[in-house]
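Biologist: Please take a close look at one part of this model. I would like a single connected account.

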Amino acid sequence: MTMLKYNTPTPNATMNTDTPIFQRIKDHITHQIETGAWVEGDLIPSEMTLTKAFNTSRMTVNRALRELTAELILVRRQGAGTYVAAQKVQSTLVEIRNIADEITVRGHEHHAELHRLESVAATDKLAAQLDIQAGQMVYHSTMVHFENAIPIQVEERWVNPAVAPDYLTQDFNQITPNAYLMQAAPLQGMNYKLEALLPTDAIAQMLRIPTSQPCLVLQRSTRSANKVASFAIMWHAGNRYRFVGSD
(Lines give C-alpha, C1' and ligand atoms only; values in the text may rest on other atoms or scores of the structure.)
Protein backbone atom coordinates (compact mmCIF):
# COMPACT_ATOMS: atom_id res chain seq x y z
CA MET A 1 0.00 0.00 0.00
CA THR A 2 1.37 3.44 -0.93
CA MET A 3 2.01 5.65 2.08
CA LEU A 4 1.13 9.32 1.96
CA LYS A 5 4.12 11.54 2.68
CA TYR A 6 2.90 15.10 2.92
CA ASN A 7 5.55 17.61 3.83
CA THR A 8 3.84 20.98 3.82
CA PRO A 9 6.18 23.58 2.35
CA THR A 10 7.31 26.31 4.71
CA PRO A 11 8.56 29.76 3.74
CA ASN A 12 12.24 29.79 2.85
CA ALA A 13 14.13 32.93 3.78
CA THR A 14 16.49 32.40 0.87
CA MET A 15 13.73 31.85 -1.68
CA ASN A 16 13.73 34.38 -4.47
CA THR A 17 10.33 36.05 -4.32
CA ASP A 18 10.73 36.96 -7.99
CA THR A 19 10.45 33.26 -8.88
CA PRO A 20 6.99 32.48 -10.32
CA ILE A 21 4.80 30.54 -7.92
CA PHE A 22 4.38 27.61 -10.29
CA GLN A 23 8.18 27.27 -10.38
CA ARG A 24 8.38 27.41 -6.57
CA ILE A 25 5.90 24.54 -6.44
CA LYS A 26 7.98 22.55 -8.94
CA ASP A 27 11.15 23.29 -6.96
CA HIS A 28 9.50 22.15 -3.73
CA ILE A 29 8.30 18.88 -5.24
CA THR A 30 11.64 18.07 -6.89
CA HIS A 31 13.43 18.90 -3.62
CA GLN A 32 11.23 16.45 -1.74
CA ILE A 33 12.08 13.75 -4.29
CA GLU A 34 15.80 14.52 -4.49
CA THR A 35 16.17 14.42 -0.69
CA GLY A 36 14.27 11.14 -0.42
CA ALA A 37 11.30 12.59 1.48
CA TRP A 38 9.10 11.35 -1.36
CA VAL A 39 10.10 8.22 -3.24
CA GLU A 40 8.95 6.34 -6.32
CA GLY A 41 5.28 5.39 -6.02
CA ASP A 42 4.41 7.92 -3.29
CA LEU A 43 1.16 9.83 -3.65
CA ILE A 44 1.98 13.52 -3.45
CA PRO A 45 -0.29 16.17 -1.86
CA SER A 46 -3.48 16.98 -3.71
CA GLU A 47 -3.91 20.08 -5.84
CA MET A 48 -6.12 21.56 -3.10
CA THR A 49 -3.46 20.94 -0.44
CA LEU A 50 -0.78 22.58 -2.56
CA THR A 51 -3.12 25.45 -3.41
CA LYS A 52 -3.55 26.23 0.28
CA ALA A 53 0.12 25.67 1.15
CA PHE A 54 1.34 28.11 -1.49
CA ASN A 55 -1.62 30.48 -1.19
CA THR A 56 -2.20 30.41 -4.93
CA SER A 57 -4.76 29.32 -7.48
CA ARG A 58 -5.52 25.75 -8.43
CA MET A 59 -4.68 26.65 -12.03
CA THR A 60 -1.13 27.54 -10.98
CA VAL A 61 -0.72 24.27 -9.10
CA ASN A 62 -2.14 22.35 -12.05
CA ARG A 63 0.44 23.94 -14.36
CA ALA A 64 3.30 22.90 -12.07
CA LEU A 65 2.04 19.31 -11.88
CA ARG A 66 1.47 19.11 -15.64
CA GLU A 67 5.00 20.30 -16.35
CA LEU A 68 6.53 17.85 -13.85
CA THR A 69 4.51 15.06 -15.45
CA ALA A 70 5.79 16.01 -18.90
CA GLU A 71 9.33 15.99 -17.45
CA LEU A 72 8.78 12.39 -16.18
CA ILE A 73 9.14 13.47 -12.54
CA LEU A 74 5.52 12.69 -11.69
CA VAL A 75 2.85 10.40 -13.11
CA ARG A 76 -0.83 11.32 -12.94
CA ARG A 77 -3.42 8.54 -12.63
CA GLN A 78 -6.97 9.39 -13.54
CA GLY A 79 -9.15 9.40 -10.46
CA ALA A 80 -6.32 8.27 -8.17
CA GLY A 81 -4.03 11.28 -7.83
CA THR A 82 -0.47 12.21 -8.72
CA TYR A 83 2.48 9.99 -7.81
CA VAL A 84 6.26 10.14 -7.86
CA ALA A 85 7.36 8.48 -11.07
CA ALA A 86 10.30 6.13 -11.56
CA GLN A 87 13.15 8.60 -11.76
CA LYS A 88 15.27 6.63 -14.21
CA VAL A 89 14.18 5.21 -17.53
CA GLN A 90 14.95 1.48 -17.77
CA SER A 91 16.52 -0.32 -20.69
CA THR A 92 17.83 -3.83 -21.11
CA LEU A 93 21.31 -4.93 -22.10
CA VAL A 94 20.27 -8.50 -22.85
CA GLU A 95 18.47 -7.72 -26.10
CA ILE A 96 18.61 -4.96 -28.66
CA ARG A 97 15.35 -3.05 -28.65
CA ASN A 98 14.17 -0.05 -30.61
CA ILE A 99 14.19 2.92 -28.23
CA ALA A 100 11.00 4.22 -29.84
CA ASP A 101 9.26 0.93 -28.95
CA GLU A 102 10.55 1.08 -25.36
CA ILE A 103 9.13 4.56 -24.93
CA THR A 104 5.79 3.62 -26.51
CA VAL A 105 5.46 0.60 -24.21
CA ARG A 106 5.80 2.96 -21.24
CA GLY A 107 2.84 4.92 -22.60
CA HIS A 108 4.98 7.91 -23.51
CA GLU A 109 5.70 9.77 -26.73
CA HIS A 110 8.92 9.39 -28.70
CA HIS A 111 10.40 11.75 -31.20
CA ALA A 112 13.93 12.23 -32.50
CA GLU A 113 16.06 15.03 -33.87
CA LEU A 114 18.55 14.18 -36.59
CA HIS A 115 21.70 16.28 -36.18
CA ARG A 116 23.96 14.64 -38.72
CA LEU A 117 23.70 12.12 -41.59
CA GLU A 118 26.80 11.80 -43.75
CA SER A 119 29.51 9.66 -45.28
CA VAL A 120 32.93 9.86 -43.59
CA ALA A 121 36.33 8.20 -43.89
CA ALA A 122 37.00 5.67 -41.12
CA THR A 123 39.78 6.59 -38.71
CA ASP A 124 42.15 3.89 -37.50
CA LYS A 125 40.16 3.49 -34.29
CA LEU A 126 36.81 3.34 -36.07
CA ALA A 127 38.17 0.94 -38.70
CA ALA A 128 39.16 -1.42 -35.90
CA GLN A 129 35.64 -1.27 -34.45
CA LEU A 130 34.04 -2.03 -37.82
CA ASP A 131 36.72 -4.51 -38.93
CA ILE A 132 37.42 -2.58 -42.13
CA GLN A 133 40.38 -0.75 -43.66
CA ALA A 134 41.23 2.72 -42.35
CA GLY A 135 40.13 5.39 -44.79
CA GLN A 136 37.19 3.36 -46.08
CA MET A 137 34.00 5.40 -46.36
CA VAL A 138 31.30 4.61 -43.79
CA TYR A 139 27.93 6.13 -42.95
CA HIS A 140 27.60 8.27 -39.83
CA SER A 141 24.54 9.61 -38.03
CA THR A 142 23.93 11.57 -34.84
CA MET A 143 20.45 11.65 -33.30
CA VAL A 144 18.81 12.76 -30.09
CA HIS A 145 15.91 10.65 -28.82
CA PHE A 146 13.22 12.29 -26.69
CA GLU A 147 10.68 10.86 -24.27
CA ASN A 148 7.79 13.25 -23.66
CA ALA A 149 9.98 16.12 -24.93
CA ILE A 150 12.85 15.22 -22.55
CA PRO A 151 16.13 14.21 -24.27
CA ILE A 152 17.12 10.80 -22.93
CA GLN A 153 19.66 9.52 -25.44
CA VAL A 154 22.23 10.86 -27.86
CA GLU A 155 22.92 8.15 -30.43
CA GLU A 156 26.05 8.40 -32.56
CA ARG A 157 26.30 5.56 -35.06
CA TRP A 158 28.67 4.42 -37.81
CA VAL A 159 27.37 1.93 -40.37
CA ASN A 160 29.17 -0.39 -42.79
CA PRO A 161 27.82 0.43 -46.29
CA ALA A 162 28.47 -3.16 -47.40
CA VAL A 163 25.77 -4.31 -44.96
CA ALA A 164 23.29 -1.42 -45.16
CA PRO A 165 23.87 0.41 -48.48
CA ASP A 166 20.67 2.49 -48.27
CA TYR A 167 21.34 3.96 -44.82
CA LEU A 168 21.80 7.54 -46.02
CA THR A 169 18.51 7.55 -47.92
CA GLN A 170 16.34 6.71 -44.90
CA ASP A 171 13.92 9.19 -43.32
CA PHE A 172 14.98 8.96 -39.70
CA ASN A 173 12.08 11.17 -38.69
CA GLN A 174 9.87 8.18 -39.51
CA ILE A 175 12.10 5.23 -38.55
CA THR A 176 14.97 4.91 -36.07
CA PRO A 177 18.40 3.72 -37.21
CA ASN A 178 17.95 0.65 -35.02
CA ALA A 179 14.63 -0.26 -36.63
CA TYR A 180 16.05 0.17 -40.13
CA LEU A 181 19.17 -1.89 -39.39
CA MET A 182 17.16 -4.72 -37.84
CA GLN A 183 15.33 -4.97 -41.20
CA ALA A 184 18.29 -4.40 -43.52
CA ALA A 185 20.91 -6.31 -41.53
CA PRO A 186 19.37 -9.10 -39.39
CA LEU A 187 21.32 -9.48 -36.17
CA GLN A 188 23.87 -12.28 -35.80
CA GLY A 189 25.49 -11.07 -32.61
CA MET A 190 26.77 -8.08 -30.68
CA ASN A 191 29.43 -6.79 -28.32
CA TYR A 192 28.91 -3.98 -25.84
CA LYS A 193 30.62 -1.97 -23.14
CA LEU A 194 28.97 0.25 -20.52
CA GLU A 195 30.79 2.94 -18.57
CA ALA A 196 30.21 6.22 -16.77
CA LEU A 197 31.72 9.28 -18.44
CA LEU A 198 31.37 13.04 -18.26
CA PRO A 199 29.78 14.44 -21.42
CA THR A 200 31.52 16.67 -23.93
CA ASP A 201 30.13 20.16 -24.40
CA ALA A 202 28.23 18.99 -27.50
CA ILE A 203 26.69 15.96 -25.77
CA ALA A 204 25.74 18.01 -22.70
CA GLN A 205 24.03 20.56 -24.90
CA MET A 206 22.03 17.90 -26.74
CA LEU A 207 20.97 16.22 -23.48
CA ARG A 208 20.34 19.61 -21.83
CA ILE A 209 22.53 18.81 -18.85
CA PRO A 210 25.65 20.42 -17.34
CA THR A 211 29.03 18.99 -18.32
CA SER A 212 29.46 18.00 -14.66
CA GLN A 213 26.54 15.53 -14.90
CA PRO A 214 27.86 11.95 -15.37
CA CYS A 215 26.42 9.94 -18.24
CA LEU A 216 25.89 6.24 -18.77
CA VAL A 217 27.59 5.51 -22.07
CA LEU A 218 26.84 2.33 -24.00
CA GLN A 219 29.19 1.37 -26.83
CA ARG A 220 27.77 -1.41 -28.95
CA SER A 221 28.75 -3.15 -32.19
CA THR A 222 26.43 -5.46 -34.09
CA ARG A 223 27.18 -8.19 -36.63
CA SER A 224 25.21 -9.25 -39.68
CA ALA A 225 26.06 -11.30 -42.79
CA ASN A 226 29.36 -12.24 -41.14
CA LYS A 227 30.40 -8.58 -41.02
CA VAL A 228 30.32 -5.84 -38.41
CA ALA A 229 27.20 -3.94 -39.42
CA SER A 230 27.40 -0.93 -37.12
CA PHE A 231 29.15 0.62 -34.17
CA ALA A 232 27.16 2.96 -31.91
CA ILE A 233 27.90 5.14 -28.91
CA MET A 234 24.79 6.02 -26.91
CA TRP A 235 24.91 8.69 -24.20
CA HIS A 236 22.31 8.80 -21.43
CA ALA A 237 22.06 11.33 -18.60
CA GLY A 238 22.89 9.30 -15.49
CA ASN A 239 20.06 10.79 -13.43
CA ARG A 240 17.43 9.83 -16.03
CA TYR A 241 18.39 6.35 -17.15
CA ARG A 242 19.31 2.89 -15.89
CA PHE A 243 20.05 -0.43 -17.55
CA VAL A 244 18.64 -3.71 -16.31
CA GLY A 245 19.07 -7.34 -17.24
CA SER A 246 18.70 -10.91 -16.04
CA ASP A 247 19.82 -14.38 -17.07
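What follows is a look at one helix, and then at one cavity.

Modeller: The model is predicted. Start with helix α3, residues 58-70. Does its length fit its residue count, and what would show that? At 1.5 Å a residue, the 13 residues of α3 should span 18 Å. The C-alpha atoms at its ends lie 18 Å apart, so the two agree.

Next, its buried side. Val61, Ala64, Leu65 and Leu68 are the buried residues of α3. Viewed down the helix axis, these buried residues fall within an arc of 95°, so they line one face of α3. What does that face pack against? The partners of the buried residues are two helices, α1 (21-34) and α2 (47-53), and two strands, β1 (74-77) and β2 (81-84). Just after α3 comes leucine 72, with a positive phi of about 70°.

Now the cavity. The model has 3 cavities of 30 Å³ or more. The second largest holds about 90 Å³ of space. Its lining has 13 residues; Arg157, Leu181, Met182, Thr222 and Ser230 are the closest to its centre. Which elements build this lining? α6 (177-184), β8 (215-224) and β9 (227-237) each supply at least two residues. β8 gives the largest share, 4 residues. By type, the lining of the second largest cavity divides into 6 nonpolar, 4 polar and 3 charged residues.

Technical notes. Residues numbered from 1 in each chain as written. Predicted model: local features only at pLDDT ≥ 70, side-chain atom pairs only at ≥ 80, totals over all residues. Heavy atoms only, no water. Expected span 1.5 Å × (residues − 1). Buried < 20%, exposed > 50% of the residue type's maximum accessible area, 1.4 Å probe, protein only. Arc of directions from axis to C-beta. Contact = heavy atoms within 4.5 Å. 1 Å grid on protein atoms, 1.4 Å probe; cavity = no way out; pocket = protein on both sides within 12 Å on 5 of 7 lines; lining within 4 Å. Points joined across faces, edges and corners; volume = space filled by probe spheres on them. Nonpolar A, V, L, I, M, F, W, Y, C, P; charged D, E, K, R; others polar.
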